[in-house]
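Here are some short exercises to help you find your way around a new structure. Try each task yourself before you read the solution.

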Amino acid sequence: MKDPLWYKNAIFYEVYVRAFFDSNGDGHGDLRGLAQKLDYLQALGIDCLWLLPIYPSPLKDDGYDIADYYSVLETYGSLEDLKFLIEEAHARDMRLITDLVLNHTSDQHPWFQAARSDRASPYRDYYVWSDTDQKYQEARIIFIDTEKSNWTWDAHAGQFYWHRFYASQPDLNFDTPAVQEEMLNVVRFWLDMGIDGFRADAVPYLFERTGTNCENLPETHAYLKRLRQFIDAHYPGRILLCEANQWPVDVRPYFGDGDEFQMGFHFPVMPRIYMALKKESKEDLVWILDRTPPIPDSCQWAIFLRNHDELTLEMVTEEERQWMWRQYAPQDRMRLNLGIRRRLAPLLDNDRRKIELANSLLFTLPGSAIIYYGDEIGMGDNIELPDRNGVRTPMQWDSGANAGFSSAPPQRLYTPVNSIAPFGPQQVNVADQRHDPGSLWNTLRRMIALRKANLVLGWGDFAWAESHSPAVAAYWRTYQREQMLILNNLSHQAQSVTLNIAADAARVFTDVFSGDAWHPSEDNELQIAMQPYQFLWLKRGEG
Ligand code: BGC
């Protein structure tokens, strides 16, 4: 647990506590339930859990609308349960980070209640008020399917209040020094509890300034640096993961000189993995990685295939977005805001080869991988459910009642188990896949183990390799004297690739999965025939 740069080569697992395991039969997953499943996560090879918000909340945005920063949602358990979970995770060498929602609270938060009912309240300035709804017009609306404006009139307050997300989530006013202090107190409270860091939600929007789009402002970076200094001074080794759904060039400043965030999501690479698979071409991946600036050595990208939100199409052109919707969300109800509310397996036609190939990209492109709960067994979605709920259904542990998630009567579950074929618990569940050596779960477990055993994949530089086939995404990862050549055949057809190999290093390439070896020819060409959707992780030198 000592390595301060542990996150460079860690496997993260995003877990929605409500959906994971219900330990007390009330139909809701809880912290004790998650603790009971840590052995499962350890067996998969997970190094760090990221918990979606666990705080008291009216749940208008599944907990991202916080009503109390210092406690745990009742159905999830107690602070004692959280401490127990942290201890159990640490005992398994696993870390745990939670969501930190700085930008906004719930409208049920006592601060907002006090602010709206009395102009003289010390909490009035905790939020952003205005007599008109015409300020900050350049700021875009994020939840375009539900919100018409970033301002909402509040009759009690007699003013409009500012919100970048749902109207039930008023933005905090970071120009108020007390808000800045409060948030440091929040951070202190959870780090004292023993968590290993935070996924900091929606950080681009902390400040508002006239004449700007109110995103990524210098004031925001100044505050985030202050937050980092505070953590480094009192809790060294704990991490901050930045959620900024922005272009890489705009995310780059969130790493600072290694003095702001240790990690940041790479949002735009994600839709391009799906574009690459559908177009059977690496061109979109090349395009975005060419536009990804280097980051300080102590920092790391976080990459992912899916998460708890819609598959966001904010970081693509309008034309690409229409194309993605046509390809991956042919029905209207599969779409939400600027994205697609479906899970990995249905998006990839439940085709094992494509799912594994997407995971090969996840584990070998630059960054640390985050797996969304349930995707390791290929769970499906339920597009009949509203908002993003269709990708937040109960974890499918076995083929029994409630998929082994809960002992409650089915009608008491927080949401129904997804029983839509071919993704119901009869076809997709943990128990069956753990028994089957050829299952998706067991394949991913092997991939995870190999990713972790090869530090070059976490630490190494990245460079494209010329494969002479647009359908094969081939690249070098190099760290000190270690080198790996990664080949991903994005096509449904076999491909022959020829790569030129520099003559100055080891002349054997070993497949880390099978142990098979390849040797370049006399004139330093490596020729490989690849099966449809095949991927190869070749280590230079003996395996
Ligand atoms: C989270 C969403 C949430 C929003 C508002 C996002 O970035 O991922 O689930 O609705 O922040 O808090």
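**Exercise 1. Leave aside residues up to four places away in sequence, and find what Thr220 touches.**

Keep in mind that this is a predicted model. Start at Thr220 and skip the close sequence neighbours: what's left is Val203, Pro204, Leu206, Phe207 and Tyr254. Next, place the residue: Thr220 belongs to helix H7, which covers residues 218-234. Last, check the accessibility. Thr220 has a relative accessible area of 0%, and buried means under 20%, so Thr220 counts as buried.

**Exercise 2. Work out where Gln262 sits and what its side chain reaches.**

First, the location: look in the loop between helix H8 (248-251) and strand S9 (263-265), and you'll find Gln262 there. Second, the accessibility: the value for Gln262 is 5%, so this residue is buried too. Third, follow the side chain of Gln262 to the backbone oxygen of Arg238, at 3.1 Å. Finally, list the contacts, again without residues up to four places away in sequence. Gln262 touches Tyr7, Arg228, Arg238, Ile239, Leu240, Phe255, Ser298, Cys299 and Gln300.

**Exercise 3. Describe the surroundings of the ligand.**

Step one is to collect the residues around the ligand: Asp61, Tyr64, His104, Phe143, Phe165, Gln169, Arg199, Asp201, Glu243, His308, Asp309 and Arg388.

Step two is to zoom in on some acidic side chains. A side-chain N or O atom of Asp61 is 2.6 Å from a ligand oxygen. For Glu243, a polar side-chain atom comes to 2.5 Å from an oxygen of the ligand. Asp309 also has a side-chain N or O atom 2.5 Å from a ligand oxygen.

Step three is to ask how much of the ligand is covered. On its own the ligand has 310 Å² of accessible area, and the protein covers 97% of that. To finish, look at the space itself: the ligand takes up the largest cavity.

**Exercise 4. Is Leu338 buried, exposed or partly exposed?**

Begin with the position: Leu338 is in the loop between strand S12 (335-336) and strand S13 (339-340). Now take its relative accessible area, 23%. Buried would need a value under 20% and exposed one over 50%, so Leu338 comes out as partly exposed.

What does Leu338 contact beyond its neighbours within four places in sequence? The list is Ile144, Leu311, Thr312, Leu313, Glu314, Arg321 and Trp325. As an extra check on distance, pick Glu283: from Leu338 that's 55 residues in sequence and 23 Å in space, C-alpha to C-alpha.

**Exercise 5. Examine the backbone at Cys214, Asp349 and Pro422.**

Take Cys214 to begin with. Its phi is positive, about 60°, even though Cys214 isn't a glycine. You'll find Cys214 in the loop between strand S7 (197-201) and H7, and at 1% relative accessibility it is buried.

Move on to Asp349. Here phi is near 60°, again a positive value in a residue other than glycine. Asp349 lies in the loop between helix H12 (344-347) and helix H13 (352-364), and a relative accessible area of 48% makes it partly exposed.

End with Pro422. The peptide bond leading from Ala421 to Pro422 is cis, with omega near 0°. Pro422 itself lies in the loop between strand S14 (368-372) and helix H14 (430-435).

Note on methods: Residues are numbered from 1 along each chain as its sequence is written. This is a predicted model: local features need pLDDT of at least 70, side-chain atom pairs count only at pLDDT 80 or more; totals for chains, interfaces and linings use all residues. Side-chain values use heavy atoms; hydrogens and water are left out. Helices (H or I, at least four residues) and strands (E, at least two) are DSSP runs, numbered from the N terminus. Buried means under 20% relative accessible area, exposed over 50%, partly exposed in between (1.4 Å probe, protein chains only). Contact means heavy atoms within 4.5 Å. A residue is near a molecule or strand if one of its heavy atoms lies within 4 Å of it. A polar contact is a pair of N or O atoms within 3.5 Å; within protein, one must be able to donate a hydrogen and the other to accept it, and residues adjacent in sequence count only if both atoms are side-chain atoms. Accessible areas come from the Shrake-Rupley method with a 1.4 Å probe; for residues, only the protein chains shown count as cover. On a 1 Å grid over the protein atoms alone, a cavity is a set of points where a 1.4 Å probe fits but cannot get out, and a pocket is an open set with protein on both sides within 12 Å along at least five of seven lines; lining residues have an atom within 4 Å of a point. A molecule sits in a cavity or pocket if more than half of its atoms lie within 2 Å of its grid points.
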